[in-house]
Amino acid sequence: MSKLRILYVASEINPFLQTSEVANFLRSLPQAMQERGMEIRILVPRFGLINERKNRLHEVVRLSGINIAVGEEEKPLVIKVASIPNAKLQVYFIDNEDYFQRKHVFHDKQQKFYEDNDERAIFFCKGVIETVKKLGWAPDIVHCNDWMTSLIPMYLKTTYKSEPLFKDTKSVFAIYNNGFSHTFGDDLLNKVKMVDIDDTILAPLKSKDFTGFIKIGMEYADLVVKGGEVSAELNQLIEDFSKDKKFDISIEAESEEQAHEELYGIYTNLAG
């Protein structure tokens, strides 16, 4: 298991950005797994709150230059990278001027939810997969964290299922208590679509809201876990929807790191 390649995907990571417990999880677990001999990659959005000069981000020209389709539009993908201080880990940042230059994350300064957060999520999820393709790096596990990453398991099972790089890749979807009340527009499903994706495949997303994103992540992930304490309503949704995919991360273990190492071991057996 020490040779496992694990891709961590989330909306935030310490010390670059923290709005929820996701940031701490992404800071601690990948390093712990790397110290156990696993090969790690981390991808997050380059939200405008992240100070590029202070955090020493720089563009990776060889990975940039792809256009990502979101509905009828195509947006240029820019990849940046920075090192985590006091750790032998790099973080790749998905960037685009239209989606990630604003100085807020999911809400504006009046706390209004951005209408295009759906497009930002779609761009991010597609951008992650295309960046991994350009890296030529075949992950054994893609560990997706929170609603913004929820489309990745579906894309891996549909549009990218014949991609040699992902033929043995499995996905973990971790759910957090980071819900929102916004409902996206009727064009959401069309914006999400790619090759081999139709309305039937996107049925879990038809509510066009936070619950829809969680449902589609659970539907196509190979394993579903709770990333922390969740509301009773969200817990019931997980219990009802994920069925045999649910894995209780609170298995008997001395630490969260050990629990995840055991999870990845079970995961590897499933992959085999």
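**Figure 1. The second largest pocket of the predicted model.** The space in this pocket amounts to about 190 Å³. Its lining is made up of 13 residues. Nearest the centre of the pocket lie Glu12, Thr19, Phe106, Trp147 and Asn178. By residue class, the lining consists of five nonpolar, six polar and two charged residues.

**Figure 2. Surroundings of Asn14, in the loop between strand E1 (5–9) and helix H1 (21–35).** The relative accessible area of Asn14 is 16%, which is under 20%, so the residue counts as buried. Two polar contacts of the Asn14 side chain are shown. One is with the side chain of Gln18, at 3.2 Å; another is with the side chain of Asn24, at 2.5 Å. When neighbours within four places in sequence are left aside, Asn14 is in contact with Ala23, Asn24 and Arg27.

**Figure 3. Side-chain alternation along strand E4 (residues 66–70).** Ile66, Ile68 and Val70 point to one face of E4 and are buried. Asn67 and Ala69 point to the other face and are not buried.

**Figure 4. The hairpin formed by strands E4 and E5.** Strand E5 spans residues 73–83 and pairs with E4 in the antiparallel sense. The pairing runs over five bridges, and Asn67 stands opposite Pro76 in E5. Two residues lie between the strands of the hairpin. In this turn, Gly71 has a positive phi of about 65 degrees.

Definitions and conventions. Residues are numbered from 1 along each chain as its sequence is written. This is a predicted model: local features need pLDDT of at least 70, side-chain atom pairs count only at pLDDT 80 or more; totals for chains, interfaces and linings use all residues. Side-chain values use heavy atoms; hydrogens and water are left out. Helices (H or I, at least four residues) and strands (E, at least two) are DSSP runs, numbered from the N terminus. Buried means under 20% relative accessible area, exposed over 50%, partly exposed in between (1.4 Å probe, protein chains only). A polar contact is a pair of N or O atoms within 3.5 Å; within protein, one must be able to donate a hydrogen and the other to accept it, and residues adjacent in sequence count only if both atoms are side-chain atoms. Contact means heavy atoms within 4.5 Å. On a 1 Å grid over the protein atoms alone, a cavity is a set of points where a 1.4 Å probe fits but cannot get out, and a pocket is an open set with protein on both sides within 12 Å along at least five of seven lines; lining residues have an atom within 4 Å of a point. Grid points are joined across faces, edges and corners, and a volume is the space filled by probe spheres set on the points. Ala, Val, Leu, Ile, Met, Phe, Trp, Tyr, Cys and Pro count as nonpolar, Asp, Glu, Lys and Arg as charged, and the others, Gly among them, as polar. Two strands pair if DSSP finds at least two bridges between them.
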